[in-house]
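Reader: I am new to this structure and would like a close look at a single part of it. Please start with the pocket, and then explain how the rest of the chain is put together around that starting point.

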Amino acid sequence: MVHQFRFGLVLLPLFALGCPDTQARFDEFVDATKDMDVADEESDSGSESGATETTGVDPGQDMSGVYLLALETGLGPDSPLQFVTTIEETLADDGSGIATITFQPLSLDVGSTIAPREFVGDPLVFPDIAFDATGNFELDMGIVMVTGAANPITGSDITASLLLSGHVVHADALCGDITGMLMSPLEYDLAGSTFGMLRLADDGSDPATLPGFGMFPYKCSQVPPPSGDGDGDTG
């Protein structure tokens, strides 16, 4: 650290002039400075680790089930695309897992967040998605096409390349970031897009049982706590 190094240069002549055991005290100073540097490095490393720690889930959490996935882009703030998403996961002994993830688009009227939300178009199926033991995963969807009936922003068919980088928040929720490029109906960089997934009690085919707007997340800051822990922040 620069300020510590300069401090040592100032003290060195003072030790030489007035101290009976100059070398010993200087060695103590150098050792203490090294200890401070190591402590600073460990503190910085801990901060970075804390910033990237994404989950408090227990290793080996089986996330198999049905979820409502909502996806927000900069083109339509607070107008997320929605998918009923099924995870079928097989766990390994070390707590990691391999999953098949299926995304079934839901229909949405332009400007709507809750209607009609019926199954529409072909499901998107992705096998062999790896989850690490702490619940982190990446899903490279490649280039996908979604029917315009599921696009609440313009109603146009969508073609895009998508990469989901997510993590398990708790047994009933996942969330993360999305990068990629929208190719049609216009070109748009999707960096900064987000998604949230909340577990459903059924197969998601009945619009009446899906959570209403403000009751499901489409970014990590909105993920509610586990069931029974009180209301989450859905703002």
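Author: Strand β7 gives the most to the lining of the largest pocket, with 3 residues. The model is a predicted one, and the values that follow are computed from it. The space in the largest pocket comes to about 240 Å³. Its lining is made up of 17 residues, and those closest to the centre are Thr73, Leu81, Ile153, Ile158 and Leu182. At least two lining residues come from each of three strands, namely β2 (81-91), β6 (136-146) and β7 (158-170). Sorted by class, the lining holds 14 nonpolar and 3 polar residues, and no charged ones. A probe the size of a water molecule, rolled over the atoms, shows where empty space is left.

The strands named so far belong to a chain with 2 helices and 10 strands. Read from the N terminus, two α elements come before a run of β elements. Of the 235 residues in the chain, 39% are buried. Contacts between residues at least 6 apart in sequence are often long in range: 54% of them join residues at least 24 apart.

Gln61 gives an example of residues that lie apart in sequence. Gln61 sits in the loop between α2 (22-52) and β1. Its C-alpha is 8.9 Å from that of Val168, although the two residues are 107 apart in sequence. Leaving out residues up to four places away in sequence, Gln61 touches Glu89, Leu91 and Ala171. Its relative accessibility is 29%, so Gln61 counts as partly exposed.

There are also links made by side chains. A search of the whole structure finds 1 disulfide, which joins Cys175 to Cys220 with an S to S distance of 2.1 Å. The two cysteines are 45 residues apart: Cys175 is in strand β8 (residues 173-184), while Cys220 is in the segment after β10 (193-199). A disulfide is a covalent bond between the sulfur atoms of two cysteines. The torsion about the S-S bond of Cys175 and Cys220 is about 105°, and the disulfide is therefore right-handed. The two ends also fall in separate classes of exposure. Cys175 has a relative accessible area of 1% and so is buried, whereas Cys220, at 34%, is partly exposed.

The structure also holds 2 salt bridges. In one of them, the side chains of Lys219 and Glu72 meet at 3.5 Å, N to O. Lys219 lies in the segment after β10 and Glu72 in strand β1 (residues 65-72), so this pair ties together parts that are 147 residues apart in sequence. Lys219 is partly exposed, with a relative accessible area of 25%, and Glu72 is buried at 10%. The other salt bridge is between the side chains of Arg199 and Asp172, at 2.9 Å, N to O. Arg199 belongs to strand β10 and Asp172 to the loop between β7 and β8, so the pair ties together parts 27 residues apart in sequence. Arg199 is partly exposed, with a relative accessible area of 26%.

The backbone has some features to mark as well. Most residues other than glycine have a negative phi, and most peptide bonds are trans. A cis peptide bond joins Ala115 and Pro116, with omega at about -5°, and Pro116 is placed in strand β4 (residues 116-119). Strand β4 also holds Arg117, which has a positive phi of about 55° although it is not a glycine. With a relative accessibility of 3%, Arg117 counts as buried. A cis peptide bond also joins Ser184 and Pro185, where omega is about 15°; Pro185 is in the loop between β8 and β9 (188-189). Asp128, in strand β5 (residues 124-131), is likewise a residue other than glycine with a positive phi, near 60°. Unlike the buried Arg117, Asp128 is exposed, with a relative accessible area of 62%.

To return to the pocket: β7 supplies 3 residues of its lining, and no charged residue takes part in that lining.

Definitions and conventions
Residues are numbered from 1 along each chain as its sequence is written. This is a predicted model: local features need pLDDT of at least 70, side-chain atom pairs count only at pLDDT 80 or more; totals for chains, interfaces and linings use all residues. Side-chain values use heavy atoms; hydrogens and water are left out. On a 1 Å grid over the protein atoms alone, a cavity is a set of points where a 1.4 Å probe fits but cannot get out, and a pocket is an open set with protein on both sides within 12 Å along at least five of seven lines; lining residues have an atom within 4 Å of a point. Grid points are joined across faces, edges and corners, and a volume is the space filled by probe spheres set on the points. Helices (H or I, at least four residues) and strands (E, at least two) are DSSP runs, numbered from the N terminus. Ala, Val, Leu, Ile, Met, Phe, Trp, Tyr, Cys and Pro count as nonpolar, Asp, Glu, Lys and Arg as charged, and the others, Gly among them, as polar. A disulfide is a pair of cysteine sulfur atoms within 2.5 Å. Buried means under 20% relative accessible area, exposed over 50%, partly exposed in between (1.4 Å probe, protein chains only). A salt bridge is a side-chain nitrogen of Lys or Arg within 4 Å of a carboxyl oxygen of Asp or Glu. Contact means heavy atoms within 4.5 Å.
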